[in-house]
Amino acid sequence: MRRIARNTAIAAVAMGAALGLSVTQASATALATFAVSPSGAFTFSAISTDTVLEVPNAALVCDTSTAAGSATGGTGKSGAGIADITNVTFDTCDVSGIGFTVTPTNFPWKLNATGTAADDPNSVVGSISGIKASISGIGCTATFEGDVTGRFNNSTQTLTLDGGGSLAATSANCLGLISTGDHAAFTGNYAVTGSNGPMTIVEE
């Protein structure tokens, strides 16, 4: 009986220590918060002249792409959905010289921040989620959905998409050039203009 009691006490102490450790670990992984400016509600626009949507067997290149969105300035903000992207256009797009139309849907797409870039204190890294867009050209249609990764540089006011993320073809009828499940690397550099001055997103 004494041995059982002693073992029970040891187990209780070990469990308490484990719980204490788990609380410490949970505290250490608290999500980052961000300060966004200007204060209050504001809108922004962006333009890129180098957007590319690349799949294993083809690359869709667009002469220009524009975007528009909105955000609310303030402090203590979660990085999830830190801004809304409410409209995107892709103009004069082609695959190997064959013209394509790109039709984005499922707005608003969400701009998310996860933290300060390890290699640049002026940039925050994150993603754009909720993306859905269809492409159509001669003998080819496909739809892409998912998220893309990138960063926003507060100094240059540039949103850079780096080709990472989960964006992939969810349907495809494209003469074998695109298959369902193909990952799509979306790259581009968008120059951002805020309606009330430069937009900044800074990890607190």
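Mentor: Let's start with one rule: two strands pair if DSSP finds at least two bridges between them. Keep in mind that we're looking at a predicted model.

Trainee: Okay, what makes E1 and strand E12 a pair?

Mentor: Strand E12 covers residues 200–203, and there are four bridges between E1 and E12. The cut-off is at least two bridges, so the two strands count as paired. They pair in the antiparallel sense, and Phe-34 stands opposite Glu-203 in E12.

Trainee: How do you know that strand E1 pairs with E3?

Mentor: Count again: twelve bridges join E1, which is residues 33–48, to E3. With a minimum of two bridges, that makes them a pair. The two strands run antiparallel, with Phe-34 standing opposite Lys-77 in E3.

Trainee: And which way do E1 and E11 run, parallel or antiparallel?

Mentor: Antiparallel, with four bridges joining E1 to E11. Ser-45 stands opposite Thr-193 in E11. A handy thing to know here is that side chains in a regular strand alternate between the two faces of the sheet.

Trainee: How many helices and strands are there in the whole protein?

Mentor: One helix and twelve strands. Reading along the sequence, you get the pattern α-β-β-β-β-β-β-β-β-β-β-β-β.

Trainee: On to sulfur. Why is the link between Cys-62 and Cys-93 called a disulfide?

Mentor: In general, a disulfide is a covalent bond between the sulfur atoms of two cysteines. Here the S to S distance is 2.0 Å. The cut-off is within 2.5 Å, so Cys-62 and Cys-93 qualify. Cys-62 sits in strand E3 (residues 58–78) and Cys-93 in strand E4 (residues 83–95), which links distant parts of the chain, 31 residues apart.

Trainee: What makes the disulfide of Cys-62 and Cys-93 right-handed or left-handed?

Mentor: Look at the torsion about the S-S bond: it is about 110°, so the disulfide of Cys-62 and Cys-93 is right-handed. Both cysteines are buried, by the way.

Trainee: How do you know that Cys-140 and Cys-174 form a disulfide?

Mentor: Same kind of check: S to S is 1.7 Å. That falls within 2.5 Å, so the pair counts. For Cys-140 and Cys-174 the torsion is about -90°, so this disulfide is left-handed. Cys-140 lies in strand E8 (residues 140–153) and Cys-174 in the loop between strand E10 (168–173) and strand E11 (185–194), so the bond ties together parts that are 34 residues apart in sequence. Cys-140 and Cys-174 are both buried.

Trainee: How many disulfides does that give us?

Mentor: Two. Counting bonded cysteines along the chain, the pattern is 1-2, 3-4.

Trainee: You keep saying "buried". Why is Asn-153 called that or not?

Mentor: Its relative accessibility is 15%, and buried means under 20%, so Asn-153 is buried. Asn-153 lies in strand E8.

Trainee: What makes the link between the side chains of Asn-153 and Ser-123 a polar contact?

Mentor: The two side chains are joined at 3.1 Å. The limit for such N or O pairs is within 3.5 Å, so the distance passes. Beyond residues up to four places away in sequence, Asn-153 touches Asp-120, Asn-122, Ser-123 and Thr-158.

Trainee: And Ile-82, buried or exposed?

Mentor: Buried: its relative accessibility is 7%, and the cut-off is under 20%. Ile-82 is in the loop between E3 and E4. Setting aside neighbours within four places in sequence, its contacts include Phe-34, Leu-111 and Ile-201.

Trainee: Which category does Ser-96 fall into, buried or exposed?

Mentor: Ser-96 comes in at 73% relative accessibility, and exposed means over 50%, so Ser-96 is exposed. Ser-96 is found in the loop between E4 and E5.

Trainee: What is unusual about the phi of Ser-96?

Mentor: Most residues other than glycine have a negative phi, and most peptide bonds are trans. Ser-96 is not a glycine, yet its phi is positive, about 50°. Leu-175 also has a positive phi, about 55°, without being a glycine.

Trainee: Where do we find cis peptide bonds, then?

Mentor: One joins Ser-37 and Pro-38, with omega about 10°. Another joins Phe-107 and Pro-108, with omega about 5°. Pro-38 is in strand E1, while Pro-108 is in the loop between strand E5 and strand E6.

Key. Residues numbered from 1 in each chain as written. Predicted model: local features only at pLDDT ≥ 70, side-chain atom pairs only at ≥ 80, totals over all residues. Heavy atoms only, no water. Buried < 20%, exposed > 50% of the residue type's maximum accessible area, 1.4 Å probe, protein only. Polar contact = N/O pair within 3.5 Å; in protein donor to acceptor, adjacent residues only side chain to side chain. Contact = heavy atoms within 4.5 Å.
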